[in-house]
Every structure is written in structure tokens, then in C-alpha cells.
Amino acid sequence: ILDLHGIKHNDVDRLVENFVLLKELPIRIITGNSDKMKDLVIKVLNRHQIEYEQFKPSQITILK
């Protein structure tokens with residue numbers, strides 16, 4: 001689990017990219033309720049063509 005609470009928006013790209021590329025699936029990224037944080041995470045996932053789902057509004061799950 002990568003919890004982005006308290007993380008600055010400028011640091012999100014690098015943290016998320018390293019997390020999704022280096023960790024074994026399934027993984028979860030907790031974004032909180034910030035639309036900006038969700039958008040930043042989704043931007044990284046789309047750049048790497050990573051499929052994701054949002055089972056809960058405040059987190060993104062990557063299964064495969």
C-alpha cells in the first residue's frame with residue numbers, strides 16, 4: 001500500500017512511478033479525497049499503460 005496522505009503534489013509522480021514499477025501486484029494507492037491527487041496518480045498509471053480500478057473513492061487498486 002502506498003499512502004499519499006501528507007505527500008506534496010510535486011513528489012507524487014516519482015513516488016507513484018517507483019511504487020507501481022517496483023512492487024509486486026496487487027497494490028493499492030491511497031489518494032484521499034483530493035481530486036488533484038487522484039488526477040496525478042492516474043496520469044502516471046496512464047503513462048505506463050497500467051490498468052487500475054477504483055473500488056473506493058479514496059483509493060486506486062492495480063490488480064494486473
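In this predicted model, the side chains of K64 and E51 come together in a salt bridge, with 3.8 Å from N to O. K64 belongs to the segment after β4 (59-62), while E51 sits in the loop between α2 and β3 (53-56), so this pair ties together parts of the chain that are 13 residues apart in sequence. K64 counts as exposed, because its relative accessibility is 66% and the cut-off for exposed is over 50%. E51 likewise counts as exposed, at 53% relative accessibility.

Behind such pairs stands a simple idea: side chains of opposite charge can pair when their charged atoms come close. In this model the count comes to four salt bridges, and the pair of K64 and E51 is one of them.

Another salt bridge joins E17 to R47, and here the closest N and O atoms are 3.2 Å apart. This pair links distant parts of the chain, since E17 lies in helix α1 (residues 9-22) and R47 lies in helix α2 (residues 35-47), 30 residues apart. How exposed is E17, in terms of its relative accessible area? E17 is partly exposed, with a relative accessible area of 22%, and R47 is also partly exposed, with a value of 41%. The two residues do not stand alone, for D13, E17 and R47 are linked in a network of salt bridges.

A further salt bridge, between K38 and D35, has its closest N and O atoms 4.0 Å apart. Both K38 and D35 lie within helix α2, three residues apart, which is about one turn of the helix. The geometry of helices helps to explain such a spacing: an α-helix has 3.6 residues a turn, so residues three or four places apart point the same way. Are the two partners buried or exposed? K38 is buried, with a relative accessible area of 14%, whereas D35 counts as exposed at 54% relative accessibility.

It is worth returning to helix α1, the helix that holds E17. Helix α1 has 14 residues and reaches 21 Å from its first C-alpha to its last, which is close to the 20 Å expected at 1.5 Å a residue. While E17 is partly exposed, V12, V16, F19 and V20 of α1 are buried. What covers the buried residues of this helix? The covering elements include β1 (2-3), β2 (27-30), α2 and β4, and helix α2 is also where R47, the salt-bridge partner of E17, is found.

Note on methods
Residues numbered from 1 in each chain as written. Predicted model: local features only at pLDDT ≥ 70, side-chain atom pairs only at ≥ 80, totals over all residues. Heavy atoms only, no water. Helix = DSSP H or I, 4+ residues; strand = E, 2+ residues; numbered from the N terminus. Buried < 20%, exposed > 50% of the residue type's maximum accessible area, 1.4 Å probe, protein only. Expected span 1.5 Å × (residues − 1). Contact = heavy atoms within 4.5 Å.
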